[in-house]
Amino acid sequence: MPKIKLSYFDTHGGRGEPVRLAFAVGGIAFEDHRFTFPEFAEVRKTAPFGQAPVMEVDGVMVTQCDAMLRYAGKLGGLYPTDAYQALLCDEVSYVVEEAAVKMGPTFRMTGDEQKAARLALVNGSMPVYLAWLQKQLLAHGGEYFADNRLTVADLKVFVDVRTLNSGRFDHVPTDLVEKVAPALNAHAKRVAEHPAVAAYYAKFAK
Ligand SMILES: N[C@@H](CCC(=O)N[C@@H](CS)C(=O)NCC(=O)O)C(=O)O
């Protein structure tokens, strides 16, 4: 097994968390390098695009969270071997990522500018993405997004939905998911109750 080091913010959300979760759920040993926002200044000096997450595999640094997620899924048995199921899995991850890309610039805003930008997303693209994810989930049986089992797509959506519900994003109503796509909340509850997911988060409970 390669020596893996994943570096990302010390938070239960964001682009690095689904990757950490996939390694943990898949039983793949990795160095879990977490840093604070002030420490990010140092990390970004060596990150190829000045962004996180970054991952080192046997000392080689790689970027792009969804590539890392797929890699973690392949190592840990959480990524479909069937090409069509893998396509469904990837599609879901890219949709979550596309929504994150739209949210990204709002983190560099404050006050009224941030409020207006976030409300534009809440009333614009976010319900579209959420409704699509719900439709996709229901079209594949309602329990999992692909392969009739837990895959990295479920982990990606789970982290996103939990963050949206948490109130951590100012101006994003905590009942947005429940109003637009309640099946995603039921899905998130199911993922949270998966024994390996519950065991992972139990480590952080004080
Ligand atoms: N395409 C990259 C995007 C990475 C990214 O934007 N990361 C954010 C944190 S979640 C970041 O480092 N933002 C700081 C910046 O872009 O300056 C990926 O998929 O990993």
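**View 1. Polar contacts of the ligand in the predicted model.** In this predicted model, a polar side-chain atom of Q64 lies 2.7 Å from a nitrogen atom of the ligand. A polar side-chain atom of R44 is found 2.6 Å from an oxygen atom of the ligand, and for C65 it is a backbone N or O atom that lies 3.0 Å from an oxygen atom of the ligand. The ligand has 500 Å² of accessible area on its own, and the protein covers 75% of that area.

**View 2. The shell of residues around the ligand.** Besides Q64, R44 and C65, the residues that surround the ligand include Y8, F9, R15 and F40, and the shell also takes in Q51, A52, P53 and E97. Sorted by class, this shell holds 6 nonpolar, 2 polar and 3 charged residues. Two elements, β1 (4-9) and α2 (37-46), each contribute at least two residues to the shell around the ligand.

**View 3. The largest pocket, where the ligand sits.** The ligand is placed in the largest pocket, whose volume is about 1400 Å³. This pocket has a lining of 44 residues, and those that lie nearest its centre are Y8, R15, A100, G104 and F107; of these, Y8 and R15 also belong to the residues surrounding the ligand.

**View 4. Elements and residue classes in the lining of the largest pocket.** At least two residues of this lining come from each of β1, α2, α3, α4, α6 (125-139) and α7 (152-166). Among these elements, α4 provides the largest share of the lining, with 8 residues. By class, the lining of the largest pocket is made up of 25 nonpolar, 9 polar and 10 charged residues.

**View 5. The enclosed cavity.** Where else is empty space left? Rolling a probe the size of a water molecule over the atoms reveals such places. The count of cavities of 30 Å³ or more comes to 1, and the largest cavity has a volume of about 40 Å³. Its lining consists of D66, L69, R70, Y79, D90, S93 and V152, and the elements that give two or more residues to this lining are α3 (65-76) and α4 (83-103). With 3 residues, α3 gives the most to the lining of the largest cavity. Divided by class, the residues lining the largest cavity are 3 nonpolar, 1 polar and 3 charged.

Key: Residues are numbered from 1 along each chain as its sequence is written. This is a predicted model: local features need pLDDT of at least 70, side-chain atom pairs count only at pLDDT 80 or more; totals for chains, interfaces and linings use all residues. Side-chain values use heavy atoms; hydrogens and water are left out. A residue is near a molecule or strand if one of its heavy atoms lies within 4 Å of it. A polar contact is a pair of N or O atoms within 3.5 Å; within protein, one must be able to donate a hydrogen and the other to accept it, and residues adjacent in sequence count only if both atoms are side-chain atoms. Accessible areas come from the Shrake-Rupley method with a 1.4 Å probe; for residues, only the protein chains shown count as cover. On a 1 Å grid over the protein atoms alone, a cavity is a set of points where a 1.4 Å probe fits but cannot get out, and a pocket is an open set with protein on both sides within 12 Å along at least five of seven lines; lining residues have an atom within 4 Å of a point. A molecule sits in a cavity or pocket if more than half of its atoms lie within 2 Å of its grid points. Helices (H or I, at least four residues) and strands (E, at least two) are DSSP runs, numbered from the N terminus. Ala, Val, Leu, Ile, Met, Phe, Trp, Tyr, Cys and Pro count as nonpolar, Asp, Glu, Lys and Arg as charged, and the others, Gly among them, as polar. Grid points are joined across faces, edges and corners, and a volume is the space filled by probe spheres set on the points.
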